[in-house]
Structure formats: structure tokens, C-alpha cells
Amino acid sequence: MRFPMRSVLSAATAAGLVVLGAAAAAADDGDFTIKDPRIKESSGLAASRAHPGIYWTHNDSDDGPYVYAIDSKTGETVARITMTGVGRPRDVEAISVGSDGNVYVGDIGDNLGGTWKNVWIYKFPEPQRLKDATVKATQYVVKYADGPRNAEAMMVHPKTGRLYIASKKEGGGGLYEGPEHLSTAGTNVFRRIDDVPWVTDGAFSPDGTKLALRGYFWAAEYDWKGGKLGARHGVSAPLMRQAESVTYTLDGKGLLFGSEGEGSPVRRVAVAGADKSPSGGGSSPSGGPASRASGDSGGDNRNLVYGALVVVGAGAAWVGLKRRVRRG
């Protein structure tokens with residue numbers, strides 16, 4: 001889903017390049033740029049289990065039933081999968097690869113703020129050979145126990161195979177748990193199990209012990225045990241123009257953060273042993289459960305500071321533009 005302040009963020013990013021140049025230069029190995037001109041709104045990211053170094057992505061709304069396999073070494077598309085049997089996708093926002101060998105695609109966005117009676121999840125086997133192909137996908141109908149809502153994050157737990165959705169709402173959303181097994185025979189009801197901040201994507205670690213969530217100006221890992229969120233640990237996510245996606249690397253040692261836009265960057269951040277300095281308190285992003293913010297919040301604080309600097313820069317640029325127009 002497009003951020004309501006898209007134009008502001010675009011200007012903000014441009015205005016903040018000087019401030020953020022040093023941070024952007026410190027890219028880890030594994031960074032790449034999505035080069036396919038057909039991918040203009042990469043809104044989800046998932047590491048392939050069958051093909052190390054390959055990442056699955058998709059466009060936001062208005063593209064079609066397509067999923068793309070990207071080679072992280074080159075940034076080139078090595079396969080475009082066309083799903084059949086799913087009708088026309090409405091607002092695809094998330095993707096995840098399960099340990100069952102299937103790719104799950106979340107058509108879960110709701111640009112009208114939670115008005116669709118149901119949303120959908122699609123599933124197809126991860127191909128053994130990477131080439132353009134048309135596949136028959138399975139479609140699941142999904143509803144929320146507490147009514148319609150907008151969402152952009154869908155995660156498959158690597159051990160249990162259970163699906164989770166994080167809703168997106170200003171002031172905080174919810175984490176929803178799907179049934180033990182999805183069914184094509186009826187509606188799959190997802191039930192709220194916890195509160196989360198404004199989330200644009202999420203992913204489970206390969207061993208299933210962490211859940212990473214991200215927003216526009218923050219990211220965090222949560223401990224995961226027994227199907228519940230635990231302690232929260234801040235992650236120093238890169239500030240991006242349209243922060244829409246996150247996934248773990250296949251070895252679980254890094255997080256890859258993606259952005260919308262043609263020629264969009266994907267940036268790798270190491271997570272092992274990161275941000276171990278003591279936390280100053282129990283604060284969390286808007287809507288986040290402060291009682292769980294026992295982990296380091298330094299990464300979040302840095303991202304929020306960067307975001308503030310960028311927004312200030314955008315405001316200055318806007319004022320300057322208005323002055324030039326008046327002189328003209």
C-alpha cells in the first residue's frame with residue numbers, strides 16, 4: 001500500500017541524502033539492486049529455500065498474478081511465475097517461503113482502510129528450475145475474527161507451518177494467527193493474538209526463534225517461543241524511500257530490507273550480536289507494546305532520528321521552492 005505522505009517522503013529522502021550519506025556507504029555484503037523495469041513497486045521479499053541467493057518479490061497492486069525470482073548477485077530477474085486459478089489479485093503485499101516447499105503470496109492489502117469482506121492467500125510449489133513459467137496456485141479465503149482491516153505483512157513459521165498476518169494501522173496494529181491448517185473448503189479465520197506497531201512487512205528467522213517486523217522508520221526482532229511474542233530487540237534498519245519489505249537471509253545471519261520504486265535497492269543488515277548496548281527504557285514505536293521493549297531500542301531511535309532529519313530537510317526544501325516561485 002502506498003504511504004499517505006509518499007510525495008513528502010520522496011522529497012524528504014532527496015533532502016536528507018547529505019545527512020544519510022555516511023550511513024548508506026556502510027552497506028554490508030549482500031546488497032543488491034532490483035534491475036527489472038517491470039518491478040516498480042516491490043512490496044514483499046522472501047529468501048528462496050530451494051535456490052540459495054535467490055529472492056522472491058512481487059509488485060504492489062495493479063500488476064497481475066506475477067511473482068519474480070531475483071538473483072542477489074546480479075539483481076536480475078531469473079524467473080517470472082504467473083499464477084493461474086486465483087482470479088485477478090487485488091492488492092498483493094507480502095510473500096513468504098514455507099519449509100513445506102511452497103511459496104505463499106499474501107493478497108492482504110486494503111487501500112480503503114479495512115473494507116474488503118475477505119482477503120486471499122495464494123500458494124504454489126517453489127519451482128526446482130528457475131525459468132519463466134505458469135503454475136496452478138491454490139487460493140485460500142481469509143477473514144479476521146474482529147472484522148476487516150488493512151495488512152501488509154504475512155509470515156509462515158518455518159517449524160509449525162502456521163501463517164500469521166500483521167495488520168497496518170496508524171497508532172498500532174495487531175498480530176493475527178491463522179488456523180493450524182489452511183483449508184480451501186471454507187473461510188480461514190485469523191485471530192488476534194497480540195499488539196504490534198505500524199508494520200509494513202515481517203519475517204520469521206529460519207530457525208523459528210525470532211520474528212522480525214519493520215515499519216517506515218523502524219525495525220525490530222522479537223523473541224518467538226510457543227507461538228507468542230517475547231522480548232523486543234531494536235535493529236538498525238536502513239532508512240529507505242518506501243520501506244516495504246524485509247526477509248532473513250537463508251543462514252539467518254542477516255536481514256534484507258527492500259523498498260518500492262523502479263531500480264529499488266535491497267540492503268543487508270547483520271543481526272547476530274548486533275545492538276547489544278543497554279537500553280535506556282521501555283519505549284517502542286507507535287502502537288508497540290512497551291512492556292516487551294526490554295531489548296535494545298537504539299536501532300529504532302537512530303532510525304526515528306534519521307527520519308526526523310529527513311522530514312526537516314524536506315520542509316526546508318519546500319520552503320525554498322515556495323520562495324523561488326514567489327520571486328519568479
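Reader: Which residue in β14 stands opposite Gly174?

Author: The model is predicted, so local features need pLDDT of at least 70, side-chain atom pairs count only at pLDDT 80 or more, and totals for chains, interfaces and linings use all residues. Residues are numbered from 1 along each chain as its sequence is written, and side-chain values use heavy atoms, with hydrogens and water left out. Strands are DSSP runs (E, at least two residues) numbered from the N terminus, and two of them pair if DSSP finds at least two bridges between them; β13 and β14 (residues 187-196) do so in the antiparallel sense over 5 bridges. Opposite Gly174 in β14 stands Asp195.

Reader: What is the bridge partner of Tyr164 in β13?

Author: β12 and β13 run antiparallel and are joined by 3 bridges. They form a hairpin with 5 residues between them, and Gly171 in the turn has a positive phi of about 95°. In β13, Tyr164 has as its bridge partner Glu177.

Reader: Is Lys168 buried or exposed, and at what relative accessibility?

Author: Lys168 lies in the loop between β12 (163-167) and β13 (173-177). Its C-alpha atom is separated by 4.9 Å from that of Ala151, 17 residues apart along the chain. The Lys168 side chain also makes a polar contact of 2.9 Å with the side chain of Glu152; such a contact is a pair of N or O atoms within 3.5 Å, where within protein one must be able to donate a hydrogen and the other to accept it, and residues adjacent in sequence count only if both atoms are side-chain atoms. With buried meaning under 20% relative accessible area, exposed over 50% and partly exposed in between (1.4 Å probe, protein chains only), Lys168 counts as buried, at 8%.

Reader: Which edge strands belong to the open sheet of 8 strands?

Author: The order of this sheet is β6-β7-β8-β10-β14-β13-β12-β11, with mixed pairing. Within it, β8 and β10 (residues 138-144) run antiparallel and are joined by 5 bridges, and the bridge partner of Lys123 in β10 is Thr138. The strands that pair on one side only are β6 and β11 (151-156).

Reader: Which residues have the most contacts inside the largest nonpolar core?

Author: A nonpolar core is a set of buried Ala, Val, Leu, Ile, Met, Phe, Trp, Tyr and Cys residues joined through side-chain atoms within 4.5 Å. The largest one has 19 residues, and the elements giving two or more residues to it are β3 (54-58), β4 (66-71), β5 (77-84), β6 (94-97), β7 (102-107) and β8 (119-125). Those with the most contacts inside it are Trp56, Val67, Met83, Ile95, Val103, Val105 and Phe124.

Reader: What is the polar contact distance between the side chains of Tyr248 and Glu221?

Author: Tyr248 is found in strand β19 (residues 243-248) and counts as buried, because its relative accessibility is 3%. Leaving aside neighbours within four places in sequence, Tyr248 is in contact (heavy atoms within 4.5 Å) with residues including Ala47, Tyr55, Pro206, Glu221 and Leu255. The polar contact that joins the side chains of Tyr248 and Glu221 spans 2.5 Å.

Reader: Which strands stand at the edges of the sheet β15-β16-β17-β18?

Author: This open sheet of 4 strands has antiparallel pairing. Inside it, β16 (residues 210-214) and β17 (residues 219-225) pair over 5 bridges, and Arg214 stands opposite Ala219. Two strands have a single partner strand each, so one side of each is left without a neighbour in the sheet: β15 (201-204) and β18 (228-234).
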